[in-house]
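This report goes through selected local features of a two-chain model. The sequence and structure come first, followed by notes on individual elements and residues.

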Amino acid sequence: MIIQKLNNKTKKKSWINMVDITDTLDCTGDVCPYPDVKSKRKVKKMKPGEVLEILIDYPLSAERIPETMKSMGHEVLSVDKTGDSSWKILIQIK
Amino acid sequence: MDFWYALVAGLIIGAIFGFILQRGRFCMNSAFRDILLLKEYKLAKAVTISLAVLMVGFAIFAFGGIIDLNPRPFKPLAAIVGGLIFGIGMVLAAGCASGTTYRVGEGMLGSFVAAIGLTGGALMTAAGPLFEAKNTLQDIDLGQITLFGEFDTTLTPVWMIIVGIVGLVLMFYFWGWPAIKKKREANEPMIKMENFKEATFKKGWPWWVTGIAIGIILTAGYIASNGVVGITGGWMDISQWFTTSNIMVWAGFIIFGIILGSFLSAYIGGEFKFRVPKDGFTLVKQFIGGLLMGFGAVTASGCNVTNILGGVPQLSLHSIIVGAFIVIGCWLAAYLLFMWREDREPKEKKLKAE
């Protein structure tokens, strides 16, 4: 079980490293709706194929942004919890 | 009410309330604002379902003679002005009265500043420079009117139970049933028991769980104190406890309970972190938002919890009007703050291109 978990972790990490991050949006310290609105605006300005990294420390938005992005037609590459109330979300623009 | 009873019952009910608020990310500011801003309806659905549960809950215990219903008297001017200002304030403060309180327990400095603003605004209005303004607004008093005429101790609970049950059935038919059907078609199990612990303590709750849980805990709160649970009064109570020799009462312990419960919930879920907004001006905005909320709450005889989650289930016309104007104020402020500029941007670009 533990080995499997570790495997999953390393897999994810190596996979993330393969992706070139085009831009980073730092939303730490922001509460809703700022992370949601900012990421929506940012994504609209980016070109297809580019990857946006979103750093966030607000739980509601961390759960909601991936859903919003999916409904906008973009691909959510990963949602990683990086620490206490900290998340890193990777979005590929379609 | 006995001090020890207030302490124990207030802390326990407050803590469970805080736990639910944090797990469900239950904030009416997000609920109302995001209908307009993000076309996101989950929290709004949670509010509606909690209202239906509260209607049925209050009515049952009113029939049993355990609680006395007491809808707010209808003060139209106070309801409109107070609700509108409260709604604008909560967008600036980035959280309604309950949302702000539970985020204090999550470690958000901005929300703490907003809570201080809320207390200050409320005190100024209850007995301070804004006292006269509030009295003038509250001058017109039309008595305890409900949606179905004058308040009546036997007839009103009957209406409450009818509206509540019809509401629950409609919600199940339109929101619940399609979701269950979808799960059946996908052959997913209805409840995943093996993830129960993680789903309860580590993840955000589904909207319907949050809504039902809020309905149950606030019914328990009404039973324990024979009155609606309030937030603004609680903060005022705490400030009096700090500054005068008054001992703390029920409402203040509820606030401490909420902060404690939300802290525990956030800590267990790995979501507690001391957070400060990057932009210092955000704190100023949140403080001003808090002040506006405080004025609105005292003028409208209650914040969003007292009026929407306490008064609307009793079908009080006053609370329904307050609730409607909280939503209008919230949309107005959200539009001006977040959408107006965005609407204009493309036009400006076009002009430049020309």
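Which residue with a positive phi follows helix 2 of chain B? K39(B) follows that helix, and the phi of K39(B) is near 55 degrees. The model is a predicted one.

**Helix 2 of chain B**

Helix 2 of chain B spans residues 28-37 and is mostly covered, with eight of its 10 residues buried. The buried residues are M28(B), N29(B), S30(B), A31(B), F32(B), R33(B), D34(B) and L37(B).

**Strand 2 of chain A and its partners**

Strand 2 of chain A, residues 51-56, is also mostly covered: five of its six residues are buried. Strand 1 of chain A (residues 23-26) runs parallel to strand 2 of chain A and is joined to it by four bridges. Between these two strands the chain passes through helix 2 of chain A (residues 34-45), and the resulting β-α-β crossover is right-handed. Strand 4 of chain A (residues 86-92) pairs with strand 2 of chain A in the antiparallel sense, over six bridges.

L52(A) serves as a reference point in strand 2 of chain A. Opposite L52(A) stands D23(A), and L52(A) also stands opposite I91(A) in strand 4 of chain A.

**Two residues of chain B**

Where does I66(B) lie? I66(B) is in the loop between helix 3 (42-63) and helix 4 (76-92) of chain B. With a relative accessible area of 47%, I66(B) is partly exposed, because that class lies between 20% and 50%. Apart from neighbours within four places in sequence, I66(B) is in contact with F61(B), I223(B) and N226(B).

Is N307(B) buried or exposed? N307(B) has 0% relative accessibility and therefore counts as buried, the limit being under 20%. N307(B) is placed in helix 14 of chain B, residues 304-311. Leaving aside neighbours within four places in sequence, the contacts of N307(B) are R72(B), A300(B), S301(B), G302(B), V312(B), H318(B), S319(B) and V322(B).

The table lists a C-alpha separation for each of these two residues.

| Residue | Partner | Separation along the chain | C-alpha distance |
|---|---|---|---|
| I66(B) | Y222(B) | 156 residues | 9.7 Å |
| N307(B) | H318(B) | 11 residues | 8.2 Å |

H318(B), the partner of N307(B) in the table, is also among the contacts of N307(B).

Technical notes. Residues are numbered from 1 along each chain as its sequence is written. Chains are lettered from A and ligands numbered from 1 in the order in which they are written. This is a predicted model: local features need pLDDT of at least 70, side-chain atom pairs count only at pLDDT 80 or more; totals for chains, interfaces and linings use all residues. Side-chain values use heavy atoms; hydrogens and water are left out. Buried means under 20% relative accessible area, exposed over 50%, partly exposed in between (1.4 Å probe, protein chains only). Contact means heavy atoms within 4.5 Å. Two strands pair if DSSP finds at least two bridges between them. A crossover is right-handed if, with the strands pointing away from the viewer, the path from the first strand over the helix to the second runs clockwise.
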